[in-house]
Amino acid sequence: MISKMTNTLVLITLSLSFIACHRSSDGHYEPSYHYNCYDYYDSWGYYSHTECYYEYYNVAGEKVSSELDIVAEVSDIESFKLERMAQRYAEKFELSQDQALKVAKNVNDFNALEDRSEQDIADFAQRLYGVNPTEVVSAVGKAQVGENDELEALIDSAAKNFNTSRENTKALIKELHSAELNDLGVKL
């Protein structure tokens, strides 16, 4: 039994010693890489999430700084954020995962814009809710004076696009636009 364990340990040690030594056929060094996963915990010691990514190793078998693939790392972080936002929207507003991801992407894109033009806002409304921006302007204008029929019809249309209930759509609109609606004096 001891000899089997010793043989296994020797085999593992020898295998690991050759991991980071990749050379191309013309003799030039190419860094080796491995897909590693790490668990992260919050400040109370509870499991938070797992991050997996490729790590590069040099000839000595030491990890090379992640600067080699910083674009991929930033992309992974952004993807993780979008997935978490989508999960939250899916749970809170009873949306499908596809619809929740669509909402998360549009909100993220809109928040990335520093100087928002009227065209940006109209484009956001069109992509997110699937309704004509001029109809939104007209409906909100009428809702300011108490005529909510047109706005309610747009909410129904958006609910059909999201494939969710009218109440969930209203809750989503309130979450995303409550400050603007309050400024305009519109009550949903």
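Reader: Hello! In which strand does C37 lie?
Author: This is a predicted model, where local features need pLDDT of at least 70, side-chain atom pairs count only at pLDDT 80 or more, and totals for chains, interfaces and linings use all residues. Residues are numbered from 1 along each chain as its sequence is written, and side-chain values use heavy atoms, leaving out hydrogens and water. Strands (E, at least two residues) and helices (H or I, at least four) are DSSP runs numbered from the N terminus. With that settled, the strand that holds C37 is β1.

Reader: Is C37 buried, partly exposed or exposed?
Author: The sorting uses relative accessible area: under 20% is buried, over 50% is exposed, and in between is partly exposed (1.4 Å probe, protein chains only). C37 has 44% relative accessibility, so its class is partly exposed.

Reader: How far apart in space are C37 and E51?
Author: Along the sequence, C37 and E51 are 14 residues apart. In space, going from C-alpha to C-alpha, the distance between C37 and E51 is 5.6 Å.

Reader: What is the relative accessibility of Y33?
Author: Let's place Y33 to begin with: it sits in strand β1, which covers residues 32–41. Y33 counts as partly exposed because its relative accessibility is 47%.

Reader: How many salt bridges does the structure hold?
Author: Side chains of opposite charge can pair when their charged atoms come close. The rule here asks for a side-chain nitrogen of Lys or Arg within 4 Å of a carboxyl oxygen of Asp or Glu. The number of salt bridges in the structure is nine.

Reader: About how much of a helix separates R127 and D123?
Author: R127 and D123 form a salt bridge, with 3.2 Å between the closest N and O atoms. At 35% relative accessible area R127 is partly exposed, and so is D123, at 34%. Both residues belong to helix α4 and are four residues apart, so what separates them is about one helical turn.

Reader: Which helices are tied together by R166 and E152?
Author: The salt bridge between the side chains of R166 and E152 spans 2.2 Å from N to O. Because the two residues lie in different helices, the pair ties together parts that are 14 residues apart in sequence: R166 is in α7 and E152 is in α6.

Reader: And which class does E152 fall into, buried or exposed?
Author: Its partner R166 has 27% relative accessibility, so R166 is partly exposed. E152 has a relative accessible area of 17%, so the class of E152 is buried.

Reader: How many residues apart are D156 and R166?
Author: D156 and R166 also meet through their side chains in a salt bridge, 2.6 Å from N to O. This pair links distant parts of the chain, with D156 in helix α6 and R166 in helix α7, and the separation is ten residues.

Reader: What is the relative accessible area of D156?
Author: D156 is in helix α6. D156 counts as partly exposed because its relative accessible area is 31%.

Reader: Which residues are linked in a network of salt bridges?
Author: We have already met R166 paired with E152 and also with D156. Those three residues belong to a network that includes K170 as well, and its members are E152, D156, R166 and K170.
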